[in-house]
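I opened the notebook to go through one protein chain, and these are the entries in the order I made them.

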Amino acid sequence: MDWRLRFHGVGSASAVALGSAMATLERDGRPWLTVDCGGEGLTAFLEHYGEWPQALFVTHVHLDHVAGFERLFVGHYFDPERRGRVRLYVPAPVVPLLHQRVGEYPNVLAEGGANFWDAFQLIPVGGAFWHEGVRLEVFPVRHHWPETAFGLRLPGSVVWTGDTRPIPEMLARFADADELIAHDCALHGNPSHSGVEDLEREYPPALLARCVLYHYASAADGAAMRARGHRVAEPGQVLPLTPPLEIAEVTP
């Protein structure tokens, strides 16, 4: 079984040319689980796969990560074959924030008769959840405000930090099986995001060697981080993954 990580975008909120930070876990060449739904990222997804996402995990609700939801609603609600079938795995503390951000607009259709969540299968999740027989883990990260942003782990395969400051204590627990680590990092950090010097200070070399950096501000900043010896993701890049550890036999 072949597993890969495809970056649809790698930029910060203002780096439109790099695309919104969003990626898809692929299994045997097909989209399996998409992380976040930014505007530019959703466009890149549709252009590459020629179809809508069928399952998404939401890390947090800053608009560069959820701005594609109105389009996602339209794409699923008006197709009876897709309506209510796209799975949205959302950390439980994020559910009310996501509703406030994208689901609470009054009368989602001018004609009436529809609720925003009619288009989706909303699945609140805690510390772990199962998707198509595979167990994934969820953990809080340090972004903007406590309990509002979360990372995702496919054990033994990949860790996606989402937007975060350095989290050495979390990665010691949730990246302890030699996973690839897709990590938020810009050339210069701020109170909500990691900078390259922050990661160099907080993480041991062996951990940094497993990191591929995304959510940076410009192509020039990406080049500067590569010049420091780091792996830096590019839009459209695909990375091979080790198959995950926990797969269950699922019967109907």
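**Entry: a loop residue.** I began at Glu132, which is found in the loop between strand S7 (128-131) and strand S8 (134-140). I note that the model is a predicted one. I looked up the backbone next: phi of Glu132 is near 50 degrees, a positive value in a residue other than glycine. Is Glu132 buried, partly exposed or exposed? Its relative accessibility is 48%, so Glu132 counts as partly exposed; the cut-off for exposed is over 50%.

**Entry: another positive phi.** I then turned to Asn107, which lies in the loop between H4 and S6. Phi of Asn107 is near 55 degrees, and this residue too is not a glycine. For Asn107 I read a relative accessibility of 48%, which makes it partly exposed.

**Entry: the whole chain.** I stepped back to the overall picture. I find eight helices and 14 strands in the secondary structure of the protein. The radius of gyration is 17 Å, close to the 18 Å that the globule rule gives for 252 residues, so the protein is as compact as a globular protein of that length. I noted the span of the C-alpha trace along its principal axes as about 55 × 40 × 35 Å. Of the 252 residues, 54% are buried. I also looked at contacts with a separation of 6 or more: residues 24 or more positions apart account for 58% of them.

**Entry: surface and charge.** The protein exposes about 11200 Å², and carbon and sulfur atoms supply 53% of that area. I find 20 positive and 31 negative side chains. The centres of the two sets lie 2 Å apart.

**Entry: helix H4.** Which residues of H4 are buried? In this helix, residues 95-103, I list Val95, Leu98, Val102 and Gly103. They cover an arc of only 75 degrees around the axis, and therefore sit on the same side of H4. I looked up what lies over them: the cover includes helix H2 (63-66), helix H3 (69-77), strand S5 (86-91) and strand S6 (120-125).

**Entry: helix H3.** Since H3 is part of that cover, I took H3 next. Its buried residues are Phe69, Leu72, Phe73, Gly75, His76 and Tyr77. The cover over them includes helix H1 (39-49), strand S4 (55-57), H2, S5, H4 and S6. I note that H4 appears in the cover of H3, just as H3 appears in the cover of H4.

**Entry: Ser12.** I went to the loop between strand S1 (3-9) and strand S2 (22-27), where Ser12 is found. At 14% relative accessibility Ser12 counts as buried, because the cut-off is under 20%. What does Ser12 contact, leaving aside its neighbours within four places in sequence? I find Asp64, His215, Tyr216 and Ala217.

**Entry: Val158.** My last residue was Val158, in strand S10 (residues 158-160). With 4% relative accessibility, Val158 counts as buried. Not counting residues up to four places away in sequence, Val158 touches Leu5, Leu25, Leu152, Arg153, Glu179, Leu180 and Leu241. I also looked up a C-alpha separation: Val158 and Pro240 are 82 residues apart along the chain, and their C-alpha atoms are separated by 9.9 Å.

Terms used: Residues numbered from 1 in each chain as written. Predicted model: local features only at pLDDT ≥ 70, side-chain atom pairs only at ≥ 80, totals over all residues. Heavy atoms only, no water. Helix = DSSP H or I, 4+ residues; strand = E, 2+ residues; numbered from the N terminus. Rg over C-alpha atoms; globule rule 2.2 N^0.38 Å. Buried < 20%, exposed > 50% of the residue type's maximum accessible area, 1.4 Å probe, protein only. Contact = heavy atoms within 4.5 Å. Areas by Shrake-Rupley, 256 points an atom, 1.4 Å probe, with all protein chains shown as cover. Lys, Arg positive; Asp, Glu negative; His and termini not counted. Charge placed at Lys NZ, Arg CZ, Asp CG, Glu CD. Arc of directions from axis to C-beta.
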